[in-house]
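Please look over the model below. The report takes up its sheets, its domains and its internal space.

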Amino acid sequence: MLQMIATDMDGTLMDEQGEVDRERLSRILDQLDQRGIPFVIATGNGYSRMAHVLGELKDRVTLVLANGAQILEKGKLIRECSWPEELVQEVLHYLEGREEELHLVVSSLSGGYAKKGTEFPLLEQLMTPELAAAFYKRMRFVDDLTKEHGEQVLKLSVVTDTEKVEAFVQELREEFGERLLPAASGYGAIDILQPEVNKATAIQFLEERWGVDGGRLMAFGDSQNDVEMLELATYSYAMENADAHARKVARYIAPSHKKKGVYEIIEAYLDGRLSFD
């Protein structure tokens with residue numbers, strides 16, 4: 001029997017408009033609760049966006065946010081891993097002058113920060129107008145990110161042309177070596193993380209906290225920042241729309257996020273149409 005289910009959000013649980021089917025997800029959570037199987041959402045997003053997307057369901061799941069830098073267990077903060085301020089300053093100075101071009105966002109405990117004038121055209125492809133407007137409203141636009149980025153930075157993120165992603169990832173690796181872990185998260189987005197902080201290390205923390213058998217984990221993902229989580233899971237699913245990184249490490253393929261593949265696989269398991277025993 002499964003003992004934990006973990007899923008990415010963008011390109012995985014959420015549809016092409018950046019939304020979830022709350023009613024269907026609620027029914028799934030009801031059945032998981034009856035069986036004592038915790039449901040974990042592991043995402044690069046921060047709390048504000050997830051609260052907006054999930055509504056009241058946010059307090060029925062465990063949220064692994066900022067790709068593992070922050071964990072909330074049914075609404076309660078239980079773990080956070082912030083950057084050393086010296087490293088934050090070093091990276092921000094390195095990217096200085098390219099903030100708008102790279103659509104740079106600094107995510108801290110107090111929210112997201114971007115340089116004034118930064119626009120996020122990718123949102124129109126991934127979110128409803130309502131969700132995109134909420135994103136802009138939450139974002140704090142400042143004159144100088146080196147001076148204003150909130151306390152306890154959790155991650156940095158940028159967006160570039162999809163064909164330039166690998167080159168930019170390599171640029172950061174050459175400049176910062178093993179001190180940073182840049183990971184593509186789909187659609188040209190890149191999360192810049194601490195190497196010891198990712199979705200898999202967060203899930204391992206939860207496994208130990210809950211006494212969960214690591215061999216009974218089901219996980220879903222679609223991009224490079226899901227790789228460690230998919231490698232960790234015995235029952236790992238790359239979405240039909242997944243990139244090559246996720247497909248390479250996953251054992252199974254789920255229908256795409258547009259076809260609500262995560263819901264279908266979990267429902268098949270709960271209904272007895274899918275068995276791993």
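## Strands, domains and a cavity

Val64 stands opposite Ile71 in strand 4. This pair belongs to a predicted model. Strand 3 and strand 4 pair in the antiparallel sense, over 4 bridges. They form a hairpin, with 4 residues between the two strands. In that turn, Ala66 has a positive phi of about 50 degrees.

Strand 4 continues into a further hairpin, this one with strand 5 and with 2 residues between them. Lys74 sits in the turn and has a positive phi of about 50 degrees. Strand 4 and strand 5 run antiparallel and are joined by 4 bridges. Across this pairing, Leu72 stands opposite Leu77.

**The sheet of 8 strands**

These strands are part of an open sheet of 8 strands. Its order is 5-4-3-2-1-12-13-14, and the pairing is mixed. Which strands stand at the edges? They are strand 5 (76-80) and strand 14 (252-254). Each has a single partner strand, so one side of each is left without a neighbour in the sheet. On average, neighbouring strands of this sheet are turned by 20 degrees against each other, direction ignored.

Elsewhere in the sheet, strand 12 and strand 13 run parallel, joined by 4 bridges. Here Ala219 stands opposite Ser236 in strand 13. Helix 3 (residues 47-54) packs on the sheet. Helix 3 touches strand 2 (39-42), strand 3 (62-65) and strand 4 (70-73). Its direction makes about 140 degrees with that of strand 3. Helix 11 (residues 261-270) lies across strand 1 (4-7), strand 2, strand 12, strand 13 and strand 14. Helix 11 runs at about 160 degrees to strand 12.

**The sheet of 6 strands**

Another open sheet has 6 strands, in the order 8-7-6-9-11-10. Its pairing is mixed. The edge strands are strand 8 (140-142) and strand 10 (181-186), each pairing on one side only. From one strand to the next, the twist averages 25 degrees. Within this sheet, strand 6 (residues 105-108) and strand 9 (residues 153-159) run antiparallel. They are joined by 4 bridges. Ser107 stands opposite Lys155 in strand 9.

The table sets out strand pairings from the model.

| Strands | Sense | Bridges | Facing residues |
|---|---|---|---|
| Strand 3 and strand 4 | antiparallel | 4 bridges | Val64 and Ile71 |
| Strand 4 and strand 5 | antiparallel | 4 bridges | Leu72 and Leu77 |
| Strand 12 and strand 13 | parallel | 4 bridges | Ala219 and Ser236 |
| Strand 6 and strand 9 | antiparallel | 4 bridges | Ser107 and Lys155 |

**Domains**

How is the protein divided? Domain 1 takes in 4-81 + 197-271, and domain 2 covers 85-193. The centres of domain 1 and domain 2, taken over C-alpha atoms, are separated by 23 Å. At their contact, 24 residues of domain 1 meet 23 residues of domain 2.

**Internal space**

Rolling a probe the size of a water molecule over the atoms shows where empty space is left. How many cavities of 30 Å³ or more does the structure hold? The structure holds 1. About 50 Å³ of space lies in the largest cavity. Its lining is made up of Asp10, Gly11, Asp15, Glu16, Gly18, Leu126, Tyr187 and His257. By class, these lining residues divide into 2 nonpolar, 3 polar and 3 charged.

Note on methods: Residues numbered from 1 in each chain as written. Predicted model: local features only at pLDDT ≥ 70, side-chain atom pairs only at ≥ 80, totals over all residues. Heavy atoms only, no water. Pairing = 2+ DSSP bridges. Axes fitted to C-alpha atoms, helices over the stretch in contact; angles between N-to-C directions. 1 Å grid on protein atoms, 1.4 Å probe; cavity = no way out; pocket = protein on both sides within 12 Å on 5 of 7 lines; lining within 4 Å. Points joined across faces, edges and corners; volume = space filled by probe spheres on them. Nonpolar A, V, L, I, M, F, W, Y, C, P; charged D, E, K, R; others polar. Domains from an automatic or database assignment. Contact = heavy atoms within 4.5 Å.
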